[in-house]
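Dear colleague,

I am passing this structure on to you, since you have not worked with it before. Please open it beside this message and follow along as you read.

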Amino acid sequence: MASMIQKIPLMVLLLTGFIWLSEGEACTKCTKCCPQYWMRVGEYCYQYFGNKMKFHDAENICNRFGGNLPSIRNEEESNTIYQLWKGFVDDSTIVFSAYWIGLRDTIQVNKYEWTDGTPVHYYNWYPAEPNSSDEDCVEVVNAGYNDDERQQWNDALCDQVRSFFCRKPLN
Ligand SMILES: *[C@@H]1O[C@H](CO)[C@@H](O)[C@H](O)[C@H]1NC(C)=O
């Protein structure tokens with residue numbers, strides 16, 4: 001009995017050490033993670049916001065999470081975001097129901113810039129868009145007849161409300 005009591009501090013020490021070690025391991029695994037409930041695609045984390053907002057409010061929310069509205073730099077990225085979006089909506093064929101991307105020409109007409117600072121090399125405008133110097137913010141318009149056409153862009157009034165994704169690099 002006496003020897004059992006003497007062993008208790010040793011057992012506590014071992015147990016504490018074990019918990020401490022396993023936490024240490026969990027943390028190293030988490031050096032490249034997305035926040036809880038965000039989706040990881042490649043080197044990025046995405047979160048969908050179905051609650052529709054004005055362009056600048058949407059971008060501000062993304063900034064608070066350490067991200068931006070997504071930039072779309074090529075067909076593959078366009079498709080990634082479109083496929084994620086399709087997973088969130090009941091009917092992906094409803095025209096004019098799509099989402100903000102991080103492109104706008106608010107500073108100078110027709111000088112489009114991504115909110116995340118990526119240089120603009122790729123465009124995917126819907127035919128006859130952009131069509132207005134008043135419409136400074138860009139949405140995926142979801143018009144068209146197939147997945148490729150539905151990913152095309154439209155310039156819209158920044159004060160219109162749209163759903164959106166936030167994207168941040170994996171950290
Ligand atoms: C431009 O397109 C929008 C739809 O995004 C439409 O409502 C508007 O009337 C068009 N403006 C012009 C000048 O054609």
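Below is what was found, taken in turn from the core, a helix, the strands, the ligand and some backbone details.

Please keep in mind throughout that this is a predicted model.

The core. The largest nonpolar core has 24 residues, and the members that touch the most others are L69, Y99, W100, I101 and V140. Several elements each supply at least two residues of this core, namely the helices α2 (55-64) and α3 (75-86) together with the strands β3 (99-104), β5 (137-140), β6 (153-156) and β7 (162-169). Of these, β3 gives the most, with four residues. In soluble globular proteins, nonpolar side chains tend to be buried together. If you would like one residue to start from, you could take Y99, which, leaving aside residues up to four places away in sequence, touches W85, E139, V140, R162, S163, F164 and F165.

The helix α2. Which residues of α2 are buried? They are F55, A58, E59 and C62, and because they cover an arc of only 95 degrees around the axis, they lie on the same side of α2. What covers these buried residues includes β2 (44-53), β3, β5 and β7, whereas the face of α2 turned away from its buried side carries the exposed residues N60 and R64. Just after this helix, G66 takes a positive phi of about 80 degrees.

The strands around β5. In a regular strand the side chains alternate between the two faces of the sheet. In β5 both faces are covered, with C137 and E139 buried on one side and V138 and V140 buried on the other. This strand pairs with β3 in the antiparallel sense over two bridges, and here C137 of β5 stands opposite R104. The pairing of β5 with β6 is also antiparallel and runs over four bridges, with N154 in β6 as the bridge partner of E139.

The ligand. What surrounds the ligand? The residues around it are N131, S132, N154 and A156, and this shell divides into one nonpolar residue, three polar residues and no charged ones. You will have met N154 already, as the bridge partner of E139.

The backbone. Most residues other than glycine have a negative phi, and most peptide bonds are trans. Three places may therefore deserve your attention when set against that general pattern. One is the peptide bond from E129 to P130, which is cis, with omega near 0 degrees; P130 has its place in the loop between β4 (113-114) and β5. Another is Y37, which is not a glycine and yet has a positive phi of about 75 degrees, and which is found in the loop between α1 (2-29) and β1 (39-41). The last to mention is N142, in the loop between β5 and α4 (147-150), where phi is near 65 degrees, a positive value in a residue other than glycine.

Are these two residues with positive phi, Y37 and N142, buried or exposed? Y37 counts as exposed because it has 7 C-beta neighbours inside 10 Å, while N142 counts as buried because it has 22 C-beta neighbours inside 10 Å.

With kind regards

Notes:
Residues are numbered from 1 along each chain as its sequence is written. This is a predicted model: local features need pLDDT of at least 70, side-chain atom pairs count only at pLDDT 80 or more; totals for chains, interfaces and linings use all residues. A residue is near a molecule or strand if its C-beta atom, placed from the backbone, lies within 6 Å of it. Ala, Val, Leu, Ile, Met, Phe, Trp, Tyr, Cys and Pro count as nonpolar, Asp, Glu, Lys and Arg as charged, and the others, Gly among them, as polar. A nonpolar core is a set of buried Ala, Val, Leu, Ile, Met, Phe, Trp, Tyr and Cys residues joined through C-beta atoms within 7 Å. A residue is buried if 20 or more other C-beta atoms lie within 10 Å of its own, exposed if 12 or fewer, and partly exposed in between; C-beta atoms are placed from the backbone. Two residues are in contact if their C-beta atoms, placed from the backbone, lie within 7 Å. The arc is that of the directions from the helix axis to the C-beta atoms. Two strands pair if DSSP finds at least two bridges between them.
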